[in-house]
Amino acid sequence: MNKKGIAVDGPAGAGKSTIVKIIAKELGINYVDSGSLYRTIAYCMKTNDIDVSDVLEMPEEELKVMLNAMDIKMEFSDGTQTNYLNGEALEDNVLRTEDISMMASKVSQNGEVRNKVTNICQDCAKVNDVIMEGRDITTVVMPNALLKVYLDADVTERAKRRIAQLKEKGQKAPKMEDMIADIEKRDKQDMNRDIAPLKKAEDAMVLDTTSLTIDEVVKFVISEYKNKKKNK
């Protein structure tokens, strides 16, 4: 089977989004953020006053109808992804709040929700050479990726990065201990869900980014990818 593209998994705050965006730009390929699609679904539910608990308990056919009514599309400009919900472009400032992050993690536990996002991502990967990041990209969405990477980092370091990210965007950041608790809670949700839990693919390259610079990680991943393409 023809293997192409780069699949990246890892827990929240491991540096996936930042690193993947740079790699996409340097390689001239599209960056697909699967997590932002779950955030888009969570945002749609929030703006329509739909409770996550109701979604998780909703009958399958009823949930399918609700999801089918969500017209979610991805568009790319210079390799950067923008999500559209029913024709409306959604910016990071509405998708990357802490409440949307937690809602997205919860709603992603539902099989029908995951199927919708997986189908969108796989359709994109069929026609584009992409680098994609999320929680189940190496194991479910892009199992035949040319290069699979699992990025990890110490939970305290991940909390520091997340706080810095929020402050940089002008958003209110929680206390360090609260952020660590939130990340640990999300890790538990992601790693222990019944459907497509976050885990390391057997053939994934594991990188602990705790003490690595962004540039070091980027150069290493690009080098590995080029070597695989050369030896393909």
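**Notebook: sheet and largest pocket**

I began with strand β2 and found that four bridges join it to β6 (residues 130-134), the two running parallel. The model I am reading is predicted. For one position in this pairing, I looked up Asn30, which stands opposite Val130 in β6.

Next I looked at the helices beside these strands. Helix α1 (residues 16-27) packs on the sheet and touches β1 (6-9), β2, β6 and β7 (147-152). I noted that the direction of α1 makes about 180° with that of β6. Helix α7 (residues 111-127) also packs on the sheet, where I find it touching β2 and β6. Its direction makes about 160° with that of β6.

Then I traced the whole sheet. I read the strand order as β2-β6-β1-β7-β8, an open sheet of five strands with parallel pairing. At the edges I have β2 (30-33) and β8 (205-208), each of which pairs on one side only. From one strand to the next, the twist averages 20°.

Last, I turned to the largest pocket. How much space lies in it? I have it down as about 980 Å³. I counted 44 lining residues from the record of the pocket, and Gly13, Ser17, Arg96, Arg162 and Gln165 are the closest to its centre. The elements giving two or more residues to this lining are α1, α2 (34-47), α6 (98-107), β6, α9 (155-168) and α10 (176-192). Helix α1 and strand β6 thus appear in my notes on both the sheet and the pocket lining. I sorted the lining residues into 12 nonpolar, 13 polar and 19 charged.

Methods:
Residues numbered from 1 in each chain as written. Predicted model: local features only at pLDDT ≥ 70, side-chain atom pairs only at ≥ 80, totals over all residues. Heavy atoms only, no water. Pairing = 2+ DSSP bridges. Axes fitted to C-alpha atoms, helices over the stretch in contact; angles between N-to-C directions. Contact = heavy atoms within 4.5 Å. 1 Å grid on protein atoms, 1.4 Å probe; cavity = no way out; pocket = protein on both sides within 12 Å on 5 of 7 lines; lining within 4 Å. Points joined across faces, edges and corners; volume = space filled by probe spheres on them. Nonpolar A, V, L, I, M, F, W, Y, C, P; charged D, E, K, R; others polar.
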